[in-house]
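Trainee: I've got a new protein open on my screen and I'd like to work through it with you. Can I fire off some questions?

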Amino acid sequence: MCVCAGVWCLTPPDLSGALRARLEPRVTRRAARRALLREVQLLHPVRSGRRAPPAPTIVPRLLPFIDQRMAQAAEYSYRHYGEREWRLDPQMIVLHYTCGPTFSSAWHTFANNRPRRGELPGLCAHYIVDQDGTIYGLVPPSVRCRHANGVNHVAIGIEFVQDCLPQGASAVERAMLTRGPQIEAGLALVRHLRRRFDIHDDNIIGHAMVNRHAMYSDLLGRTNDHGDWREGAVREFRRRL
Ligand SMILES: [Zn+2]
């Protein structure tokens, strides 16, 4: 028998009927969580016919209530993209920075799932790259996350832990591009993701570039007013891939 929990279609162990009836919800939940953890760490198989360099080490820190978020993402997608869908088939990667000092502050902001502009789900990202090079996995790349208006139905979101600086965006970009462990971890993650999902380099962009991108589309006309990762910094990032 096959029990489907979200995208993760699982076959529970062959247990006798009565025992299975008692254990199945728990077995299935545990197996689904294991599948989530494998996927967020990019340990699941790459689609056949594709080659990807090894995935970097990813520390799983899944956001809570992911089932609720999937349902909210489906309704959000219906309003903004005209399809009631929470699944993500990634065709784009959007780079962000947190404008905050720590991984923990960013994770808690996303975990709170507060409405933004009166809508749920709240903001989130698939991955956060900390300044010491640790990559945290929050949401598997097969699930839509709300991180950039107009492309949440096609894009993986990656946040770099980086405070906003009084000297402005150029200083912020320089800080990230010269912080060895963090930028190397971010590059390793994107090198893997672009091959795993066959994403063209033109579709590796910064949040500041989303409104002008050909794949931007939003039925309610919502645009982005964030200036994170402008074109010059992204070009430098792509060059190092
Ligand atoms: Zn952003």
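Trainee: Which strands do the buried residues of α3 pack against?

Mentor: Keep in mind that this is a predicted model. Helix α3 covers residues 103-111, and its buried residues are F103, A106, W107 and F110. Down the helix axis they fall within an arc of 100 degrees, so they line one face of α3. The strands this buried set packs against are β5, β6 and β7.

Trainee: Why would buried residues on a helix be spaced like that?

Mentor: Think about how a helix winds. An α-helix has 3.6 residues a turn, so residues three or four places apart point the same way.

Trainee: And α6, which elements cover its buried residues?

Mentor: Start with who is buried there: A233, V234 and F237, in a helix that spans residues 231-239. These buried residues sit within an arc of 100 degrees seen down the axis, so they line one face of α6. On the other side, E231, G232, R235 and R239 are exposed. The cover over the buried residues includes β4, α4 and β8.

Trainee: Which strands stand at the edges of the open sheet?

Mentor: Follow the order of the six strands, which is β3-β6-β5-β7-β4-β8 with mixed pairing. The end strands each have a single partner, so one side of each is left without a neighbour in the sheet. Those edge strands are β3 and β8.

Trainee: What is the bridge partner of Y127 in β6?

Mentor: Y127 belongs to β5, which is residues 127-129, and β6 is residues 135-137. The two strands pair in the antiparallel sense over three bridges. In β6, the partner of Y127 is G137.

Trainee: Where does the largest nonpolar core lie with respect to domain 1 and domain 2?

Mentor: This core has 53 residues, and those touching the most other members are I93, V94, Y127, I128, V129 and L138. Domain 1 (3-40) and domain 2 (58-239) both give residues to the core, so the place you're after is between them.

Trainee: I93 caught my eye. Which residues is I93 in contact with, leaving aside neighbours within four places in sequence?

Mentor: I93 is one of the core residues that touch the most other members. Setting those sequence neighbours aside, its contacts are A155, I156, I158, V190, L193, R194, I199, N203 and I204.

Trainee: Does L42 count as buried or exposed?

Mentor: You'll find L42 in the loop between α1 and β3. Its phi is positive, about 60 degrees, although it is not a glycine. Now count neighbours: 20 or more other C-beta atoms within 10 Å makes a residue buried. L42 has 22 inside 10 Å, so it counts as buried.

Trainee: What about D198, how many C-beta neighbours does it have inside 10 Å?

Mentor: D198 is in the loop between α5 and β8. Like any residue with a positive phi that isn't a glycine, it deserves a second look, and its phi is about 55 degrees. D198 counts as partly exposed because its C-beta neighbours inside 10 Å number 13.

Trainee: Last one: what is omega for the peptide bond that joins L120 and P121?

Mentor: P121 is in the loop between α3 and β5. Most peptide bonds are trans. The bond joining L120 and P121 is cis, with omega at about 0 degrees.

Methods. Residues numbered from 1 in each chain as written. Predicted model: local features only at pLDDT ≥ 70, side-chain atom pairs only at ≥ 80, totals over all residues. Buried ≥ 20, exposed ≤ 12 C-beta atoms within 10 Å, placed from the backbone. Helix = DSSP H or I, 4+ residues; strand = E, 2+ residues; numbered from the N terminus. Arc of directions from axis to C-beta. Contact = placed C-beta atoms within 7 Å. Pairing = 2+ DSSP bridges. Core = buried A, V, L, I, M, F, W, Y, C linked by C-beta atoms within 7 Å. Domains from an automatic or database assignment.
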